[in-house]
Amino acid sequence: MWDIAASFRLAFGLITGADPELWRIVSLSLEVSVASALIACAIGLPLGALVAVKPLPGRRALVVAMNALFGLPSVVVGLVVYLLLSRAGPLGSLGILFTPPAIVIAQTLLVLPIVAALARQFVEDAWQEYREQLTSLGVSAVRAVPTLLWDLRYSLLTVVLAGLGRSASEVGAVMIVGGNIDGVTRVMTTAIALKTAEGDLPLALALGIVLLAMVLLLNAAAYAVREWSVKHHG
Amino acid sequence: MASAIPVRLEARGLGVQLGSVRALDNIDLAFEGPVRIALLGANGAGKSVLLRTLHGLMKPTQGEIAWSGEAAPPRGQAMVFQRPVLLRRSALSNVEYALDVNGVRGAERAARARDALARVGLAHVALRSARTLSGGEQQRLAIARAWALRPRMLFLDEPTSNLDPPAAAEIERVIGEVHAAGTAIVFSTHHLGLARRAGAEIVFLHRGRVAERTPTDVFFRSPRSPEAASYLQGELP
Amino acid sequence: MNALVARFLSRLTAAWIAAAIVASLLLAGSPWSAAAEEFITVASTTSTEQSGLFKYLLPEAKKALGFEVRVVAVGTGQALDMGRRGDADVEFVHDKAAEEKFLAEGFGVKRYEVMYNDFVIVGPKDDPAGARGDDVVAALKKIAAKQAPFASRGDRSGTDAAEKRFWKAAEIEPKGAPWYRETGSGMGPTLNTASGMNAYTLADRGTWLSFKNRGDLVILVEGDKRLFNQYGVMLVNPAKFPHVKKEMGQKLIDWLISPAGQATIAAYKIDGQQLFFPNYKPGT
């Protein structure tokens, strides 16, 4: 039997005690999550914005597809990436299965639809407001994409955070393509899964608390940035 | 800055159909040189649609528009809207953006932007965030942005309708300066005072048609069309 | 300056470049990067991982061999499939029949018996089915007769294969019976489920000893010779997969069967109890 207070104490002890294994796991989690969120945003934000402003044939079907991919089952993505990166698969010679780059690839594929769909929604709403003026100035729809993305940067920060949150909380796909190798591809989420499987629930919960704290800190930072921006830019 | 060839805009048989509504109906208009046109009419008469169609934001369903004298769209003419849409950046940056999009870069871009701000009296807020400026300042910034592009003709859609009297007076002054520098002005408004002072001619629209086109002082003394007369007496909305 | 910076940042290319730079910097700092040391990939089982053996054994192996041993722990069936795809260099599992099939298919080079542990049946301490004793087949018959809840892994693991052999020996087909719960998961999760349901289950002693969420479960059946669980190690066939790290893989195998390696295995204890018993015999 365990109690939640014990887990909190354990979590606190792990953090303050600077347990090296914990910090290795935390820093790896941050690296792969941030990297995949960044790449997904670099592709997904402009992509979503482009779909929002440019009338394309089959646009409605594209929007429906983008929104549907929101709920892409992560184990499916994990399996597909695994088959691609496996030695027996087409990209096997890259030799990146069971390494952090494989995790980044899988997580990027999961975060990308979310970022693109959300960006599309934000930009489409804003485009109603900006369209006339920008067109009048001679800005084409495509040229408007970077302008809108920058002008909406504080709202889009929410989208980036959503992507980062999705990335940091992924377990299934990371387990499959990473292999949960101790010291190499063991991240917070897979470590929690392993400790749970081993029945070491207090430690699993403690790790969960650390993970939550990490995500909370990121969100608090973003909130502060938004507050500052409203004051500064109106 | 003024070119030897006067700018000329001609609309022939212009018609715009919006759904089931005939917003513009068989409009013939010609503007030549640095005109000062005030567009008047009741709500729904078609002022905004006409401005947008002449500017090129809307496509006519009938008739045609012809430009000459270096003002052919898309550039050579600019538009200022009732509510200015400014980017989340400094005032100066907003003007530079418009120049950049139109191929003006580097030192020339910086110089023209600063010059435009100075001419509308906003040099002291050049680095302030545009969205924190007052309503009047924002509208002046919108004019500066359009003016920096050196348009031969400037369209303004109810430029003072959202402003209080002091701010409106500022805009009136700026519009005067833009015209004095050689740009033709075509603006719509409900402010009869602005129309009287800033417009040399009145074009009165009624239900999508041109009811009359008259020099300003004549229009206000005795308008030719019965619709304009009703409007001036406050009997049309 | 502010205007220029803002403009530059709004450019699409800048965002791409920034993301790419940051991403590659982050990845370059990771333990995997090219500058990192050499390693081999071993496909092994969740029961070996969850018993804590690898946490203890791998650092010792690294000291002895000079390279990193990376273990991917999945069920035995999945571990062997990894070998069939060439995603592992060495196999370290516990299902003799499946391993011999693997060899026969030409995916492995040679099988060495390294160590054994035993299975036990755990169940609620008041033992409603009366399974306690040293006869696994009799115990299963009693559990089936009483229709007592039984949690099964059902995941093609070595443990699962053994469990199915015992049911067969008892001439009972439990699949589909309402009291027979297939979790489709590893030993730990299955024990969690058994603990939560107060059910019987077959577990390897190693995982059981390091399992911390026992609830009311205790060991009820042990000591039956049939509960003996043999672990074998194989090099994945480099003839089939030229990229297999055969020298390092063979070095690992040689170490595991060496007196030093065997002693290291024997030295792993939980609460003073030895979990795995080295039993390599040269010439087998």
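**Close-up views of chains B, C and A**

**View 1. An edge-to-centre pairing in chain B, beginning at B:R8.** In this predicted model, B:R8 stands opposite B:S68, a residue of strand β4 of chain B. The two strands concerned, β1 (residues 8-18) and β4 of chain B, pair in the antiparallel sense, and 6 bridges connect them. They belong to an open sheet of 3 strands, whose order in chain B is β2-β1-β4 and whose pairing is antiparallel. Because β2 (21-32) and β4 (62-68) of chain B each have a single partner strand, they stand at the edges of the sheet, and one side of each is left without a neighbour there. Direction ignored, neighbouring strands of this sheet are turned by 15° against each other on average. As a general point, the strands of a sheet pair through backbone hydrogen bonds, in either a parallel or an antiparallel arrangement.

**View 2. The contact of helices α2 and α4 in chain B.** Helix α2 (residues 91-101) and helix α4 (residues 135-148) of chain B have axes that come within 8 Å and cross at roughly 30°. An angle under 35 degrees counts as roughly parallel, and α2(B) is therefore roughly parallel to α4(B). The crossing of these two helices, α2(B) and α4(B), is right-handed. On the α2(B) side the contact is made by B:A91, B:N94, B:V95, B:A98 and B:L99, and on the α4(B) side by B:L141, B:A144, B:R145 and B:A148. Sorted by character, the residues in this contact of α2(B) with α4(B) comprise 7 nonpolar, 1 polar and 1 charged.

**View 3. The contact of helices α3 and α4 in chain B.** Helix α3 (residues 106-119) of chain B also meets α4(B), with axes that come within 9 Å and cross at roughly 135°. The two helices α3(B) and α4(B) are therefore oblique to each other, and α3(B) passes α4(B) in a right-handed crossing. From α3(B), the residues B:R112, B:A113, B:A116, B:L117 and B:R119 meet B:A144, B:W147 and B:A148 of α4(B). This contact of α3(B) with α4(B) divides into 6 nonpolar residues, no polar ones and 2 charged ones. B:A144 and B:A148 of α4(B) take part here and are likewise listed in the contact with α2(B).

**View 4. Strand β3 of chain C, covered on both faces.** In strand β3 (residues 90-93) of chain C, C:V90 and C:F92 on one side and C:E91 and C:V93 on the other are all buried, and both faces of the strand are thus covered. Strand β1 (residues 39-45) of chain C runs parallel to β3(C), to which it is joined by 3 bridges, and within this pairing C:V42 has C:V90 as its bridge partner. With strand β9 (residues 228-236) of chain C, β3(C) pairs instead in the antiparallel sense, over 4 bridges, and there C:V90 stands opposite C:L235. C:V90 therefore appears in this view with a partner in β1(C) and with another in β9(C).

**View 5. Chain A, a chain of helices.** Chain A has 10 helices and 0 strands, and its pattern along the sequence reads α-α-α-α-α-α-α-α-α-α. Taken along the principal axes, the C-alpha atoms of chain A fill a box of roughly 65 × 50 × 25 Å. Of its 234 residues, 48% count as buried. Among the contacts in chain A between residues at least 6 apart in sequence, 78% join residues at least 24 apart.

Notes: Residues are numbered from 1 along each chain as its sequence is written. Chains are lettered from A and ligands numbered from 1 in the order in which they are written. This is a predicted model: local features need pLDDT of at least 70, side-chain atom pairs count only at pLDDT 80 or more; totals for chains, interfaces and linings use all residues. Two strands pair if DSSP finds at least two bridges between them. Axes are lines fitted to C-alpha atoms, for helices over the stretch in contact, and angles run from 0 to 180 degrees between N-to-C directions. Angles under 35 degrees count as roughly parallel, over 145 as roughly antiparallel, 65 to 115 as roughly perpendicular and the rest as oblique. A crossing is left-handed if the near helix is turned anticlockwise from the far one by less than a right angle, and right-handed if clockwise. Two residues are in contact if their C-beta atoms, placed from the backbone, lie within 7 Å. Ala, Val, Leu, Ile, Met, Phe, Trp, Tyr, Cys and Pro count as nonpolar, Asp, Glu, Lys and Arg as charged, and the others, Gly among them, as polar. A residue is buried if 20 or more other C-beta atoms lie within 10 Å of its own, exposed if 12 or fewer, and partly exposed in between; C-beta atoms are placed from the backbone.
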